[in-house]
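Reader: I would like to learn how to read a model like this one, feature by feature. Could you take me through it?

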Amino acid sequence: MTPDLAVAPARPVPGGPGAGKGAAFAFSLPARLEAVRPPEARGLARDGVRLMAAHRGEDRIEHARFRDLPELLAPGDLLVVNTSATLPAAIPARRPGGAGLVLHFATRAPGRPGDSWWVLETRRPDGGEQPLGSGGPGVGERLALAGGARVEIVAPYAPGGRLWLARVASEVPVVDLLAAYGRPIRYGYVTGDWPLEAYQTVFARTPGSAEMPSAGRPFTPALLARLAARGVAVAPVLLHTGVSSPGRGEPPYPEYFRLPASTAARVNAVRAAGGRVLAVGTTVVRALESMAAPDGGLGPGEGWTDLVITPERGLRAVDGLISGWHEPQASHLSLLEAAAGAPLLERCYRAALTEGYLWHEFGDSHLILP
(Lines give C-alpha, C1' and ligand atoms only; values in the text may rest on other atoms or scores of the structure.)
Protein backbone atom coordinates (compact mmCIF):
# COMPACT_ATOMS: atom_id res chain seq x y z
CA MET A 1 0.00 0.00 0.00
CA THR A 2 1.47 3.36 -1.02
CA PRO A 3 1.69 5.86 1.87
CA ASP A 4 -0.22 9.11 1.59
CA LEU A 5 2.78 11.33 0.97
CA ALA A 6 3.48 13.92 -1.66
CA VAL A 7 5.71 16.93 -2.10
CA ALA A 8 3.61 20.05 -2.18
CA PRO A 9 4.64 23.06 -4.29
CA ALA A 10 7.42 25.07 -2.74
CA ARG A 11 6.18 27.92 -0.57
CA PRO A 12 7.87 30.53 1.62
CA VAL A 13 9.05 29.51 5.06
CA PRO A 14 8.00 32.44 7.25
CA GLY A 15 10.20 34.45 9.52
CA GLY A 16 13.82 34.75 10.43
CA PRO A 17 17.04 35.57 8.60
CA GLY A 18 17.77 32.99 5.94
CA ALA A 19 14.10 32.24 5.37
CA GLY A 20 13.31 31.28 1.81
CA LYS A 21 11.57 28.54 -0.09
CA GLY A 22 11.62 24.86 0.66
CA ALA A 23 9.58 21.81 -0.19
CA ALA A 24 6.66 21.31 2.17
CA PHE A 25 6.17 17.59 2.65
CA ALA A 26 2.45 16.97 2.95
CA PHE A 27 1.50 13.60 4.36
CA SER A 28 -0.90 12.01 6.81
CA LEU A 29 0.55 10.52 9.99
CA PRO A 30 -1.48 7.50 11.14
CA ALA A 31 -2.07 7.27 14.89
CA ARG A 32 -0.47 3.80 14.88
CA LEU A 33 2.89 5.41 14.03
CA GLU A 34 2.90 7.69 17.07
CA ALA A 35 5.22 6.51 19.83
CA VAL A 36 2.94 6.68 22.86
CA ARG A 37 5.48 5.60 25.50
CA PRO A 38 9.26 5.32 25.90
CA PRO A 39 10.99 2.40 24.15
CA GLU A 40 11.97 1.02 27.56
CA ALA A 41 8.25 0.55 28.27
CA ARG A 42 7.99 -1.32 24.97
CA GLY A 43 10.71 -3.80 25.92
CA LEU A 44 13.56 -2.04 24.09
CA ALA A 45 16.79 -0.49 25.25
CA ARG A 46 17.23 3.18 24.42
CA ASP A 47 19.57 2.27 21.58
CA GLY A 48 17.22 -0.46 20.38
CA VAL A 49 14.97 1.94 18.46
CA ARG A 50 14.99 1.71 14.68
CA LEU A 51 17.36 3.82 12.61
CA MET A 52 17.00 4.64 8.93
CA ALA A 53 20.27 5.70 7.32
CA ALA A 54 20.05 7.83 4.18
CA HIS A 55 23.28 8.08 2.14
CA ARG A 56 22.93 11.15 -0.06
CA GLY A 57 26.08 10.55 -2.10
CA GLU A 58 25.08 6.96 -2.88
CA ASP A 59 21.36 7.80 -3.17
CA ARG A 60 20.36 4.86 -1.02
CA ILE A 61 18.52 4.02 2.20
CA GLU A 62 19.24 1.26 4.69
CA HIS A 63 17.40 0.08 7.78
CA ALA A 64 19.16 -0.65 11.07
CA ARG A 65 18.91 -0.21 14.82
CA PHE A 66 20.38 2.75 16.65
CA ARG A 67 22.92 0.46 18.30
CA ASP A 68 24.35 -0.10 14.79
CA LEU A 69 25.43 3.56 14.57
CA PRO A 70 29.19 2.90 15.01
CA GLU A 71 29.20 0.67 11.91
CA LEU A 72 27.43 3.40 9.90
CA LEU A 73 30.00 6.06 10.78
CA ALA A 74 33.68 6.32 9.90
CA PRO A 75 36.82 6.95 11.96
CA GLY A 76 37.40 10.69 12.06
CA ASP A 77 33.71 11.59 12.10
CA LEU A 78 32.62 14.11 14.72
CA LEU A 79 29.25 14.00 16.47
CA VAL A 80 28.16 17.33 17.95
CA VAL A 81 25.62 16.92 20.76
CA ASN A 82 23.31 19.21 22.74
CA THR A 83 24.02 19.31 26.48
CA SER A 84 20.80 21.09 27.43
CA ALA A 85 18.76 19.29 30.10
CA THR A 86 14.98 19.16 30.02
CA LEU A 87 12.98 21.19 32.52
CA PRO A 88 9.72 20.02 34.11
CA ALA A 89 8.29 22.98 32.20
CA ALA A 90 4.53 22.34 32.60
CA ILE A 91 3.06 23.81 35.77
CA PRO A 92 -0.57 24.25 36.92
CA ALA A 93 -1.94 27.76 37.41
CA ARG A 94 -5.16 29.45 38.53
CA ARG A 95 -7.01 32.37 36.97
CA PRO A 96 -8.48 35.09 39.24
CA GLY A 97 -11.90 33.42 39.17
CA GLY A 98 -10.45 30.08 40.21
CA ALA A 99 -10.42 28.32 36.83
CA GLY A 100 -7.43 26.09 36.27
CA LEU A 101 -5.02 25.94 33.36
CA VAL A 102 -1.51 24.71 32.60
CA LEU A 103 1.42 26.93 31.69
CA HIS A 104 4.26 25.72 29.49
CA PHE A 105 7.41 27.69 30.25
CA ALA A 106 8.96 27.86 26.78
CA THR A 107 12.05 30.01 27.24
CA ARG A 108 13.39 33.06 28.99
CA ALA A 109 12.46 36.15 27.01
CA PRO A 110 15.25 37.30 24.66
CA GLY A 111 16.57 40.75 25.42
CA ARG A 112 15.03 40.91 28.90
CA PRO A 113 17.29 40.93 31.95
CA GLY A 114 17.12 38.58 34.89
CA ASP A 115 14.80 35.70 35.61
CA SER A 116 11.44 37.50 35.59
CA TRP A 117 10.59 37.61 31.89
CA TRP A 118 9.50 34.40 30.17
CA VAL A 119 7.73 33.23 27.04
CA LEU A 120 4.77 31.02 27.98
CA GLU A 121 2.15 28.90 26.30
CA THR A 122 -1.25 28.52 27.99
CA ARG A 123 -3.00 25.16 27.84
CA ARG A 124 -6.31 23.85 29.10
CA PRO A 125 -6.17 21.60 32.20
CA ASP A 126 -6.54 18.57 29.90
CA GLY A 127 -3.46 19.70 27.96
CA GLY A 128 -5.37 20.88 24.90
CA GLU A 129 -4.34 23.96 22.95
CA GLN A 130 -5.72 27.35 23.97
CA PRO A 131 -4.85 29.89 21.25
CA LEU A 132 -5.18 33.61 21.79
CA GLY A 133 -8.78 34.79 21.79
CA SER A 134 -10.23 31.38 22.66
CA GLY A 135 -11.40 32.18 26.18
CA GLY A 136 -8.02 31.80 27.84
CA PRO A 137 -6.04 34.45 29.72
CA GLY A 138 -5.58 37.87 28.18
CA VAL A 139 -3.21 40.81 28.46
CA GLY A 140 -2.97 42.11 32.02
CA GLU A 141 -4.34 38.97 33.65
CA ARG A 142 -2.53 37.68 36.74
CA LEU A 143 -2.29 33.95 37.35
CA ALA A 144 -1.46 32.19 40.62
CA LEU A 145 1.09 29.37 40.78
CA ALA A 146 2.09 27.02 43.55
CA GLY A 147 4.61 28.26 46.09
CA GLY A 148 3.12 31.75 46.10
CA ALA A 149 4.45 32.64 42.65
CA ARG A 150 2.42 34.78 40.25
CA VAL A 151 2.49 35.35 36.50
CA GLU A 152 1.31 38.48 34.69
CA ILE A 153 0.40 38.13 31.00
CA VAL A 154 2.01 41.15 29.31
CA ALA A 155 1.67 40.78 25.52
CA PRO A 156 1.32 38.26 22.68
CA TYR A 157 4.68 36.86 21.56
CA ALA A 158 5.72 35.79 18.05
CA PRO A 159 3.40 34.82 15.19
CA GLY A 160 1.13 31.83 15.48
CA GLY A 161 -1.24 33.02 18.20
CA ARG A 162 -0.18 30.65 20.97
CA LEU A 163 2.64 32.27 22.97
CA TRP A 164 2.70 35.07 25.55
CA LEU A 165 5.35 37.36 26.95
CA ALA A 166 4.89 37.16 30.71
CA ARG A 167 6.43 38.53 33.90
CA VAL A 168 7.00 36.07 36.75
CA ALA A 169 7.12 37.04 40.42
CA SER A 170 8.68 34.24 42.46
CA GLU A 171 10.74 34.08 45.64
CA VAL A 172 12.90 31.35 44.08
CA PRO A 173 14.43 31.08 40.59
CA VAL A 174 11.95 29.86 37.99
CA VAL A 175 14.01 26.72 37.36
CA ASP A 176 13.69 25.86 41.06
CA LEU A 177 9.97 26.65 41.01
CA LEU A 178 9.49 24.25 38.10
CA ALA A 179 11.62 21.59 39.80
CA ALA A 180 9.35 21.77 42.85
CA TYR A 181 5.93 21.94 41.19
CA GLY A 182 6.27 21.24 37.47
CA ARG A 183 6.20 18.13 35.32
CA PRO A 184 7.56 17.37 31.84
CA ILE A 185 5.53 18.72 28.97
CA ARG A 186 3.41 15.88 27.61
CA TYR A 187 1.20 15.95 24.53
CA GLY A 188 -1.97 14.00 23.89
CA TYR A 189 -0.36 11.16 21.94
CA VAL A 190 1.65 10.07 25.02
CA THR A 191 -0.05 7.62 27.36
CA GLY A 192 1.00 7.69 31.00
CA ASP A 193 2.91 10.19 33.11
CA TRP A 194 6.59 9.43 32.66
CA PRO A 195 9.22 10.83 35.04
CA LEU A 196 11.59 13.60 34.08
CA GLU A 197 14.38 11.03 33.64
CA ALA A 198 12.50 9.64 30.64
CA TYR A 199 12.89 13.05 28.99
CA GLN A 200 16.63 13.44 29.58
CA THR A 201 19.47 12.43 27.30
CA VAL A 202 22.80 11.00 28.38
CA PHE A 203 24.33 14.36 27.39
CA ALA A 204 22.08 16.51 29.64
CA ARG A 205 24.11 18.91 31.77
CA THR A 206 22.53 22.39 31.90
CA PRO A 207 18.77 22.70 32.62
CA GLY A 208 16.92 24.96 30.20
CA SER A 209 14.98 23.07 27.52
CA ALA A 210 11.19 23.13 27.61
CA GLU A 211 11.20 19.89 25.61
CA MET A 212 13.84 17.20 25.32
CA PRO A 213 16.48 17.52 22.58
CA SER A 214 15.18 14.13 21.57
CA ALA A 215 17.64 13.20 18.81
CA GLY A 216 20.14 12.39 21.56
CA ARG A 217 17.80 10.15 23.53
CA PRO A 218 18.88 6.79 22.00
CA PHE A 219 22.53 7.24 23.00
CA THR A 220 23.79 5.20 25.95
CA PRO A 221 27.15 5.13 27.77
CA ALA A 222 27.92 1.75 26.19
CA LEU A 223 27.16 3.05 22.71
CA LEU A 224 29.36 6.09 23.29
CA ALA A 225 32.20 3.78 24.31
CA ARG A 226 31.79 1.82 21.07
CA LEU A 227 31.78 5.04 19.05
CA ALA A 228 35.01 6.14 20.73
CA ALA A 229 36.60 2.78 19.96
CA ARG A 230 35.54 3.28 16.33
CA GLY A 231 37.38 6.62 16.24
CA VAL A 232 34.24 8.77 16.29
CA ALA A 233 34.61 11.84 18.50
CA VAL A 234 31.92 13.79 20.39
CA ALA A 235 31.83 17.54 21.05
CA PRO A 236 29.23 19.63 22.93
CA VAL A 237 27.09 22.65 22.18
CA LEU A 238 24.19 24.07 24.16
CA LEU A 239 20.82 25.12 22.79
CA HIS A 240 17.77 25.37 25.02
CA THR A 241 14.78 24.13 23.04
CA GLY A 242 11.39 25.76 23.27
CA VAL A 243 7.93 24.28 22.91
CA SER A 244 6.93 22.51 19.71
CA SER A 245 5.40 24.41 16.81
CA PRO A 246 2.05 22.77 16.08
CA GLY A 247 1.16 25.29 13.39
CA ARG A 248 2.10 24.06 9.93
CA GLY A 249 5.09 25.96 8.66
CA GLU A 250 5.44 27.94 11.90
CA PRO A 251 9.14 28.78 12.21
CA PRO A 252 11.06 28.25 15.44
CA TYR A 253 11.29 31.36 17.57
CA PRO A 254 14.58 32.64 19.07
CA GLU A 255 16.38 30.15 21.28
CA TYR A 256 19.44 30.61 23.46
CA PHE A 257 22.63 28.82 22.42
CA ARG A 258 26.31 28.64 23.36
CA LEU A 259 29.05 27.29 21.09
CA PRO A 260 32.29 26.73 23.06
CA ALA A 261 35.62 27.69 21.54
CA SER A 262 36.84 24.12 21.95
CA THR A 263 33.96 22.75 19.89
CA ALA A 264 34.38 25.38 17.18
CA ALA A 265 38.07 24.48 16.93
CA ARG A 266 37.26 20.76 16.82
CA VAL A 267 34.74 21.25 14.00
CA ASN A 268 37.21 23.33 12.00
CA ALA A 269 39.96 20.73 12.49
CA VAL A 270 37.73 17.83 11.43
CA ARG A 271 36.61 19.67 8.31
CA ALA A 272 40.20 20.59 7.44
CA ALA A 273 41.21 16.93 7.77
CA GLY A 274 38.42 15.79 5.45
CA GLY A 275 36.23 14.33 8.18
CA ARG A 276 32.48 14.71 8.56
CA VAL A 277 30.65 16.88 11.08
CA LEU A 278 27.36 15.25 12.10
CA ALA A 279 24.84 17.12 14.24
CA VAL A 280 22.78 15.16 16.77
CA GLY A 281 19.49 16.97 16.29
CA THR A 282 18.14 19.99 14.48
CA THR A 283 18.95 22.03 17.59
CA VAL A 284 22.65 21.35 17.08
CA VAL A 285 22.37 22.25 13.40
CA ARG A 286 20.80 25.56 14.37
CA ALA A 287 23.50 26.34 16.93
CA LEU A 288 26.43 25.49 14.64
CA GLU A 289 25.02 27.15 11.54
CA SER A 290 24.26 30.31 13.50
CA MET A 291 28.02 30.82 13.91
CA ALA A 292 29.15 29.47 10.54
CA ALA A 293 30.87 31.70 7.99
CA PRO A 294 29.97 31.23 4.31
CA ASP A 295 32.99 28.93 3.92
CA GLY A 296 31.88 26.79 6.88
CA GLY A 297 34.44 28.10 9.33
CA LEU A 298 33.25 28.38 12.93
CA GLY A 299 34.05 30.71 15.76
CA PRO A 300 32.73 30.51 19.33
CA GLY A 301 29.70 32.49 20.40
CA GLU A 302 26.53 32.62 22.41
CA GLY A 303 23.23 34.46 22.32
CA TRP A 304 19.81 34.09 20.75
CA THR A 305 19.37 32.60 17.29
CA ASP A 306 16.38 33.00 15.02
CA LEU A 307 18.09 31.28 12.09
CA VAL A 308 15.84 29.26 9.79
CA ILE A 309 17.69 26.74 7.60
CA THR A 310 16.35 26.38 4.05
CA PRO A 311 17.65 24.45 1.02
CA GLU A 312 18.52 27.77 -0.62
CA ARG A 313 20.61 28.85 2.35
CA GLY A 314 22.10 25.37 2.70
CA LEU A 315 24.36 23.90 5.37
CA ARG A 316 27.82 25.36 5.83
CA ALA A 317 29.46 23.67 8.81
CA VAL A 318 27.32 20.54 9.09
CA ASP A 319 27.67 17.56 6.75
CA GLY A 320 24.87 15.39 8.10
CA LEU A 321 22.65 14.82 11.09
CA ILE A 322 20.66 12.50 13.29
CA SER A 323 17.04 13.43 13.79
CA GLY A 324 13.68 12.08 14.76
CA TRP A 325 10.71 12.01 12.39
CA HIS A 326 8.93 15.31 11.97
CA GLU A 327 5.25 16.02 11.62
CA PRO A 328 3.56 16.94 8.32
CA GLN A 329 4.72 20.33 7.01
CA ALA A 330 6.86 21.04 10.07
CA SER A 331 9.38 23.80 9.44
CA HIS A 332 12.24 21.41 10.30
CA LEU A 333 11.53 19.50 7.08
CA SER A 334 13.09 22.41 5.22
CA LEU A 335 16.27 21.93 7.26
CA LEU A 336 16.26 18.20 6.51
CA GLU A 337 15.83 18.95 2.82
CA ALA A 338 18.95 21.11 2.98
CA ALA A 339 20.83 18.05 4.28
CA ALA A 340 19.31 15.29 2.16
CA GLY A 341 17.83 16.93 -0.92
CA ALA A 342 14.12 16.79 -1.70
CA PRO A 343 14.02 13.50 -3.70
CA LEU A 344 15.90 11.45 -1.08
CA LEU A 345 14.00 13.03 1.81
CA GLU A 346 10.69 12.17 0.19
CA ARG A 347 11.85 8.56 -0.27
CA CYS A 348 12.88 8.41 3.40
CA TYR A 349 9.51 9.59 4.63
CA ARG A 350 7.67 7.32 2.26
CA ALA A 351 9.77 4.39 3.52
CA ALA A 352 9.23 5.40 7.16
CA LEU A 353 5.47 5.35 6.65
CA THR A 354 5.55 2.06 4.76
CA GLU A 355 7.92 0.30 7.17
CA GLY A 356 6.18 1.46 10.34
CA TYR A 357 8.76 3.81 11.86
CA LEU A 358 7.53 5.63 14.97
CA TRP A 359 7.27 9.41 15.35
CA HIS A 360 7.77 11.87 18.22
CA GLU A 361 10.21 12.08 21.13
CA PHE A 362 9.97 8.38 22.06
CA GLY A 363 10.09 7.21 18.45
CA ASP A 364 12.65 6.05 15.93
CA SER A 365 15.62 7.84 14.39
CA HIS A 366 16.81 9.11 11.02
CA LEU A 367 20.47 9.44 10.03
CA ILE A 368 21.32 11.59 7.01
CA LEU A 369 24.86 11.13 5.68
CA PRO A 370 26.54 13.02 2.86
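Reader: How far apart are the mean positions of the positive and negative charges of the protein?

Author: The idea is to average the places of each kind of charge and compare the two averages. In this predicted model, the mean positions of the 37 positive and 35 negative charges are 1 Å apart.

Reader: Since the model is predicted, what does the pLDDT of the protein average?

Author: Glad you asked! The average pLDDT is 90, and 90% of the residues score at least 70. Residues 1-24 have a pLDDT below 50, and beyond near neighbours in sequence this stretch has 64 contacts in the model.

Reader: How many helices and strands does the protein have?

Author: There are seven helices and 19 strands. With a radius of gyration of 20 Å, close to the 21 Å that the globule rule gives for 370 residues, the protein is therefore as compact as a globular protein of that length. Along the principal axes, its C-alpha atoms fill a box of roughly 60 × 50 × 40 Å.

Reader: And what share of contacts joins residues at least 24 apart in sequence?

Author: Start from contacts between residues at least 6 apart in sequence: 70% of them join residues at least 24 apart. For a single pair, take valine 172 and aspartate 115: they are 57 residues apart along the chain, and their C-alpha atoms are separated by 9.7 Å.

Reader: Where does valine 172 lie?

Author: Valine 172 sits in the loop between strand S12 (163-169) and helix H2 (174-181). Its relative accessible area is 39%, so valine 172 is partly exposed.

Reader: Now to burial: what percentage of the 370 residues counts as buried?

Author: The cut-off is under 20% relative accessible area. By that count, 53% of the 370 residues are buried. The protein exposes about 14,700 Å², of which carbon and sulfur atoms supply 53%. Helix H5 (residues 282-290) is mostly covered, with eight of its nine residues buried; among them are Arg286 and Glu289.

Reader: Which sign does phi of aspartate 59 have?

Author: A backbone angle is best read together with its place in the chain. Phi of aspartate 59 is near 50 degrees, a positive value in a residue other than glycine. Aspartate 59 lies in the loop between strand S3 (50-55) and strand S4 (60-65), and is partly exposed at a relative accessible area of 48%.

Reader: Is histidine 360 buried or exposed?

Author: Histidine 360 has a relative accessible area of 12%, so this residue is buried. Its phi is near 80 degrees, also a positive value in a residue other than glycine, and histidine 360 is found in the loop between helix H7 (342-355) and strand S19 (365-369).

Notes:
Residues numbered from 1 in each chain as written. Predicted model: local features only at pLDDT ≥ 70, side-chain atom pairs only at ≥ 80, totals over all residues. Heavy atoms only, no water. pLDDT = per-residue confidence, 0-100. Contact = heavy atoms within 4.5 Å. Buried < 20%, exposed > 50% of the residue type's maximum accessible area, 1.4 Å probe, protein only. Helix = DSSP H or I, 4+ residues; strand = E, 2+ residues; numbered from the N terminus. Rg over C-alpha atoms; globule rule 2.2 N^0.38 Å. Areas by Shrake-Rupley, 256 points an atom, 1.4 Å probe, with all protein chains shown as cover. Lys, Arg positive; Asp, Glu negative; His and termini not counted. Charge placed at Lys NZ, Arg CZ, Asp CG, Glu CD.
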